[in-house]
Amino acid sequence: MKRVGNLFEKFISDANLGKAINVVNASHRWAHYPDKPNKTVLWVESTKAERIKELRKLILDGFKLSPCDMKRRYDVNAGKWRDICEPKLYPDQYLHHALIQVLEPVMMRGMDPWCCGSIKKRGAHHGVKAIKKWMKKDKSGTRWCTELDIYHFYDSVKPKYVMERMRRLIKDRRVLDFIWRVIKDGIKIGFYTSQWFMNTLLQPLDHKLRESGIGIKHSIRYMDNFTLFSNRKRSLDKAIKIIAEWLESKELKLKDNWQKFRTKNRLPNALGYRFGVGFTLIRKHSLLRLRRQLKQYYSKEKRGAFVTMKFAQGLLSRLGMLRHCNSRKLYEKYVKPRTQKKLKNIVKKFQRKEQEKWNTYLAQYGATA
């Protein structure tokens, strides 16, 4: 694949930096949502032209990462604690977004069609739709399945391998130098850039599996989780060996708890669902959390208690999961009529008030700036 050059001018352009400011500001308006406005965002928003010039100067002068706050948070979906590194809002997060906006078209070239997660229009449901189709229309090709996961992926990846991959895609030395400054201390969970670099790093492995000719009929990867299907057990054994050897070359390894099984004896478990021939089930722990949230919401509704926008958004998201599985009986049993409409009205009402409040803050800050 031909390497791409002349990216640095796009990176430091007014249009790119201005777009990065707009994207970051849109999601960081409130310091203590929704009571206090984020003063940094107000300052950047009201002095955008000056901030664009300042961000460009930081890049040209050799930007160095600010110390980031490490926070330990529990990942409910994964069932484990994660150390999250939260980068400083200004200037770090603005520059991270500006970098990815320029690199995204480059990194998307050759991206496997079934590489999901942290990619626009390729979330979990992109993969769910594919697996449902494979299970229904290719019973022979989905006879055997294996589920694999990379051991401590983010913590284990060494920056030199990411740079090695980026040099194969990019020949603009100034952009490569900036990438190195971002990742030299590690690929940290919490950085907007990390998920893109990880997907790009694993691109060659995706292509190697597809082009190996070992009989893998279907495969999907959600970040560092692989789900492979074949009509033969031996094909999966070969695929596992290929993945293990490739990871070893990058000083990585698979988790020891990988699974390999017949789909007629056990349903494949991926992307929050369990897949059968012609039917899809939501995972039990996801259903349990949904039931708990519904019970909490109906209790608040009965008492006339206040329902926050964050709670309404979370419950709407969980109810949205039911759209992608066989859920008619679940709706009848657990979800009361008009529940989703009421939750959407709560969100709309809050968003309208939030926008009015933000416009007021921005006008006041702009007047005094």
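The accessible surface of the protein chain amounts to about 20,400 Å², and carbon and sulfur atoms hold 49% of that area. The model is a predicted one, and its protein chain contains 16 helices and 12 strands. Of the 369 residues in the protein chain, 47% are buried. The points below go from the overall fold to the nonpolar cores, then to the cysteines and to two buried loop residues.

**Overall fold**

- The radius of gyration of the protein chain is 23 Å, which agrees with the value near 21 Å that a compact globule of 369 residues would have.
- Measured out along its principal axes, the C-alpha trace of the protein chain spans about 70 × 60 × 30 Å.
- Among contacts in the protein chain with a separation of 6 or more, 72% come from residues that lie 24 or more positions apart.

**Nonpolar cores**

- The largest nonpolar core comprises 71 residues, and within this core L103 and I179 are the residues with the most contacts.
- Helix α5, which covers residues 89-108, is the element that gives the most to this core, contributing 11 residues.
- When residues up to four places away in sequence are not counted, L103 touches L7, M166, I170, V175, I179 and F197.
- Another core of 35 residues lies apart from the largest one, and its members include C116, I220, A270 and Y297.

**Cysteines**

- The structure holds one disulfide, formed by C68 and C85, whose sulfur atoms are 1.9 Å apart.
- The link of C68 and C85 is left-handed, with an angle of -90° about the S-S bond.
- This pair joins distant parts of the chain, 17 residues apart, since C68 sits in the loop between α4 (48-60) and β3 (69-75) while C85 belongs to strand β4 (residues 80-86).
- C85 has a relative accessible area of 1% and is therefore buried, the cut-off being under 20%.
- For C115, the closest cysteine sulfur is that of C116 at 6.7 Å, which is too far for a bond because a disulfide requires sulfur atoms within 2.5 Å.
- C115 also counts as buried, at 1% relative accessibility.
- C145 takes part in no disulfide, and the nearest cysteine sulfur, in C116, is 15 Å away.
- With a relative accessibility of 0%, C145 counts as buried.

**V157, a buried loop residue**

- V157 lies in the loop between α7 (153-156) and α8 (159-169), and at 7% relative accessibility V157 counts as buried.
- Setting aside neighbours within four places in sequence, V157 is in contact with V162, I187, M198, L201 and L252.
- V157 and S299 are 142 residues apart along the chain, and their C-alpha atoms are separated by 46 Å.

**T263, a buried loop residue**

- T263 is placed in the loop between β9 (259-262) and β10 (269-270), and its relative accessible area of 14% makes T263 buried.
- The side chain of T263 reaches the backbone oxygen of T142 at a distance of 2.7 Å.
- T142 also appears among the residues that T263 touches when those up to four places away in sequence are not counted, together with M135, R143, W144, C145 and P268.

Methods
Residues numbered from 1 in each chain as written. Predicted model: local features only at pLDDT ≥ 70, side-chain atom pairs only at ≥ 80, totals over all residues. Heavy atoms only, no water. Helix = DSSP H or I, 4+ residues; strand = E, 2+ residues; numbered from the N terminus. Buried < 20%, exposed > 50% of the residue type's maximum accessible area, 1.4 Å probe, protein only. Core = buried A, V, L, I, M, F, W, Y, C linked by side-chain atoms within 4.5 Å. Contact = heavy atoms within 4.5 Å. Rg over C-alpha atoms; globule rule 2.2 N^0.38 Å. Areas by Shrake-Rupley, 256 points an atom, 1.4 Å probe, with all protein chains shown as cover. Polar contact = N/O pair within 3.5 Å; in protein donor to acceptor, adjacent residues only side chain to side chain.
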